[in-house]
Protein chains: 2
Amino acid sequence: MSVFTRVTAEELSAWLKRYAIGTLVDLQGIAAGIENTNYFVTTSHGRFVLTLFERLSAAELPFYLNLMAHLARHGIPCPAPIADRSDEYLGTLNTKPACFVTCLPGAPVGSPQSIHCEQVGATLADMHLAGRGYGGKLENPRGPKWWREAAREVTPFLDEEHRGLLASELEFQARYRSLDLPRGPVHADLFRDNVLFERERIGGVIDFYFAGIDALLFDLAVTVNDWCVDSAGEIDSGRATALLGAYRRAREFTRIEEEAWPVLLRAAALRFWLSRLHDFYLPRAGELTHAHDPEHFRRVLEARRTRPFPLV
Amino acid sequence: MSVFTRVTAEELSAWLKRYAIGTLVDLQGIAAGIENTNYFVTTSHGRFVLTLFERLSAAELPFYLNLMAHLARHGIPCPAPIADRSDEYLGTLNTKPACFVTCLPGAPVGSPQSIHCEQVGATLADMHLAGRGYGGKLENPRGPKWWREAAREVTPFLDEEHRGLLASELEFQARYRSLDLPRGPVHADLFRDNVLFERERIGGVIDFYFAGIDALLFDLAVTVNDWCVDSAGEIDSGRATALLGAYRRAREFTRIEEEAWPVLLRAAALRFWLSRLHDFYLPRAGELTHAHDPEHFRRVLEARRTRPFPLV
């Protein structure tokens with residue numbers, strides 16, 4: 001259950017007066033999501049998503065909201081924040097920072113085929129191209145600095161072998177910190193649950209609350225490690241070729257990106273192995289039921305270390 | 001036929017490279033509209049409307065495009081301009097200023113019922129509330145100054161009686177020029193063809209290219225004179241009550257607005273009688289087939305002069 005902060009119809013009706021989106025028709029809590037409280041809100045004018053932020057503070061939020069507004073303005077099918085009558089995206093509802101965003105059509109695809117991966121690759125490239133003009137600044141909060149902190153915290157829970165793997169990967173990644181890769185705003189969490197499909201067309205890319213400025217190639221690696229990987233952690237060559245090919249048709253890779261790709265695939269696996277370990281061994285209150293098995297991303301990392309997949 | 005400037009698939013494919021909205025799938029000319037060239041453009045990422053501006057110059061367009069962007073950002077279901085990779089809404093295609101906007105769902109309702117009028121009233125009020133924070137400046141180009149110019153041009157074509165009506169109404173309106181009415185961006189052309197309905201819900205408000213800064217009440221009067229008027233020019237009390245009641249629930253009228261309402265209903269009728277006369281007697285090349293009968297708005301004006309309808 002992911003409605004951490006309850007909002008009544010009366011509270012919401014009063015809050016809606018700040019906006020120009022009509023009056024309340026219906027309010028439904030959304031079960032998905034482990035970070036924020038989300039409601040589907042139907043007003044006399046349409047359907048919106050109300051988000052109350054449980055983890056991020058009002059100071060951090062402008063980077064995310066302005067990024068979504070920027071991408072939507074460029075035609076990316078992502079939630080667009082709704083400005084209130086004072087022209088603000090962010091308000092306070094029941095003591096939490098809160099905002100409305102547009103509601104997008106479609107549903108996640110659990111078992112994606114090449115056709116879905118092609119769409120994801122093309123859309124991710126367009127997000128990167130559209131994001132170039134974005135002025136917001138926020139270093140990816142789950143970048144190398146966070147890896148080292150998280151590793152310190154989870155290491156006591158690991159057996160000898162996994163400690164060795166973690167230390168070895170951190171050391172390997174440290175050698176590649178200064179690569180001159182194209183950077184910009186990245187979604188950094190473009191997993192299958194964050195892309196809504198209407199048949200074979202993307203209706204929406206959602207949940208930007210792990211976004212930050214990072215290497216664009218890191219974003220692509222995160223995406224490939226979810227969309228194109230089997231349960232053993234191995235890359236499915238058909239899906240990966242479809243995703244990477246579509247991405248490349250919209251944005252050509254630099255030479256350094258071609259060479260760095262295996263390193264980034266490992267970095268992306270490391271980042272999620274670490275967060276899964278952290279969520280598993282050091283859960284926040286109420287979070288346990290959502291913790292994913294950390295073993296999957298350990299297998300992904302091992303596979304990327306032993307069997308690099310080229311940037312086809 | 002309203003495709004004044006032809007665009008080929010090759011030309012559009014090249015132009016699409018400026019954007020992050022995918023590659024061209026389909027291109028269809030839109031027959032409706034007498035001012036601009038419009039195409040439905042389907043890309044690999046979605047559906048957009050491409051507009052090439054035939055009448056307005058690139059210098060005038062930012063007021064309109066920024067207004068649409070502002071209203072869309074506030075949750076108004078209107079076309080949102082798409083920024084290109086250089087963050088510009090406006091480009092040049094086949095020598096014309098051109099832009100993409102989002103494609104909205106629904107279709108116009110020819111014979112509106114009270115339920116439609118209620119939606120239109122509520123949405124217009126929300127447009128006015130959302131528009132308050134808009135910083136663009138452009139006096140309504142079809143305001144009193146234009147009325148006088150247009151009257152000078154069409155008077156030679158009118159018979160004695162209609163000349164008298166026109167002169168009398170201009171003189172009447174001149175007496176009320178200095179009323180202290182709430183002003184802001186107005187659509188100024190919210191006729192039935194410019195509202196798309198999905199069943200009884202508004203999917204989109206379109207065609208902002210007559211917008212400007214004017215009295216909000218003028219916008220309401222233009223709207224009532226189309227949505228709530230029968231073929232004899234008389235107001236249908238049921239529809240007018242529905243539209244005005246819904247508007248008022250979102251934005252309360254000032255005392256001066258209550259009193260000025262009959263004047264504004266006449267002003268709105270005058271403005272469209274004049275433009276219909278102008279289009280009829282002084283058509284631009286290629287425009288004749290679209291000219292509406294000026295008589296309808298003369299009847300509306302006469303009816304508003306003799307039987308004022310209160311601001312219920």
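# Exercises on a predicted two-chain model

Eight bridges tie strand E2 (residues 36-43) of chain A to strand E3 (residues 46-53) of chain A, and the two strands run antiparallel. The model is a predicted one, and the exercises below start from this pair of strands.

## Exercise 1. From one strand pair to a sheet

Task: Work out which residues face each other across E2(A) and E3(A), how these strands are joined, and in what order the strands of the sheet in chain A follow one another.

Solution.

Step 1. Begin with individual partners: Phe40(A) has Val49(A) as its bridge partner in E3(A), while Thr37(A) stands opposite Leu52(A) in the same strand, E3(A).

Step 2. Follow the chain from E2(A) into E3(A), where a hairpin makes the connection through two residues.

Step 3. Turn to the next pairing of E3(A), which is with strand E5 (residues 96-102) of chain A, in the antiparallel sense and over five bridges; here Phe48(A) is found opposite Thr102(A) in E5(A).

Step 4. Put the pairings into the whole arrangement, an open sheet of five strands with antiparallel pairing, in the order E1-E2-E3-E5-E4 (chain A). Strand E1 (24-29) and strand E4 (91-93) of chain A each have a single partner strand and stand at the edges, so one side of each is left without a neighbour in the sheet. From one strand to the next, the twist averages 35 degrees.

Step 5. Add the helix: H1 (residues 9-16) of chain A lies across E1, E2 and E4 of chain A, and runs at about 125 degrees to E1(A).

## Exercise 2. The sheet and a hairpin in chain B

Task: Describe the sheet of chain B, and then examine the hairpin formed by E7(B) and E8(B).

Solution.

Step 1. In chain B, five strands in the order E1-E2-E3-E5-E4 make an open sheet with antiparallel pairing. The edges are strand E1 (24-29) and strand E4 (91-93) of chain B, each with a single partner strand, so one side of each has no neighbour in the sheet. The average twist from one strand to the next is 35 degrees.

Step 2. Look at the edge strand E4(B), which pairs with strand E5 (residues 96-102) of chain B in the antiparallel sense over three bridges, with Leu93(B) opposite Lys96(B) in E5(B). Helix H1 (residues 9-16) of chain B packs on the sheet, where it touches E1, strand E2 (36-43) and E4 of chain B, and its direction makes about 125 degrees with that of E1(B).

Step 3. Move on to strand E7 (residues 195-198) and strand E8 (residues 201-205) of chain B, an antiparallel pair with four bridges, in which Arg201(B) in E8(B) is the bridge partner of Glu198(B). Two residues lie between the strands of this hairpin, and Arg199(B) in the turn has a positive phi of about 50 degrees.

## Exercise 3. Buried or exposed?

Task: Decide whether Arg175(A) counts as buried or exposed.

Solution.

Step 1. Locate the residue, which lies in the loop between helix H5 (160-174) and strand E6 (183-186) of chain A.

Step 2. Apply the cut-off, under which a residue is exposed if 12 or fewer other C-beta atoms lie within 10 Å of its own. Arg175(A) has 9 C-beta neighbours inside 10 Å and therefore counts as exposed.

Step 3. Place the residue relative to Phe280(A), which is 105 residues apart from Arg175(A) along the chain, with 28 Å separating the two C-alpha atoms.

## Exercise 4. Domains, chains and confidence

Task: Find how the two domains of chain A meet, what chain A brings to its contact with chain B, and what confidence the predictor gives.

Solution.

Step 1. Chain A is divided into domain 1 (9-102) and domain 2 (114-306), whose C-alpha centres lie 27 Å apart.

Step 2. Contact between them involves 15 residues of domain 1 and 18 residues of domain 2 of chain A; on the domain 1 side, the residues comprise 11 nonpolar, three polar and one charged.

Step 3. Between the chains, 23 residues of chain A are in contact with 23 residues of chain B. Helix H3 (residues 114-131) of chain A gives the most to the chain A side, with five residues, and that side has 10 nonpolar, eight polar and five charged residues.

Step 4. As for confidence, chain A has a mean pLDDT of 94, with 97% of its residues at 70 or more, and the complex is given an ipTM of 0.89 and a pTM of 0.93.

Notes. Residues are numbered from 1 along each chain as its sequence is written. Chains are lettered from A and ligands numbered from 1 in the order in which they are written. This is a predicted model: local features need pLDDT of at least 70, side-chain atom pairs count only at pLDDT 80 or more; totals for chains, interfaces and linings use all residues. Domain bounds come from an automatic or database domain assignment. Two residues are in contact if their C-beta atoms, placed from the backbone, lie within 7 Å. Ala, Val, Leu, Ile, Met, Phe, Trp, Tyr, Cys and Pro count as nonpolar, Asp, Glu, Lys and Arg as charged, and the others, Gly among them, as polar. pLDDT is the predictor's confidence in each residue, from 0 to 100. Two strands pair if DSSP finds at least two bridges between them. Axes are lines fitted to C-alpha atoms, for helices over the stretch in contact, and angles run from 0 to 180 degrees between N-to-C directions. A residue is buried if 20 or more other C-beta atoms lie within 10 Å of its own, exposed if 12 or fewer, and partly exposed in between; C-beta atoms are placed from the backbone.
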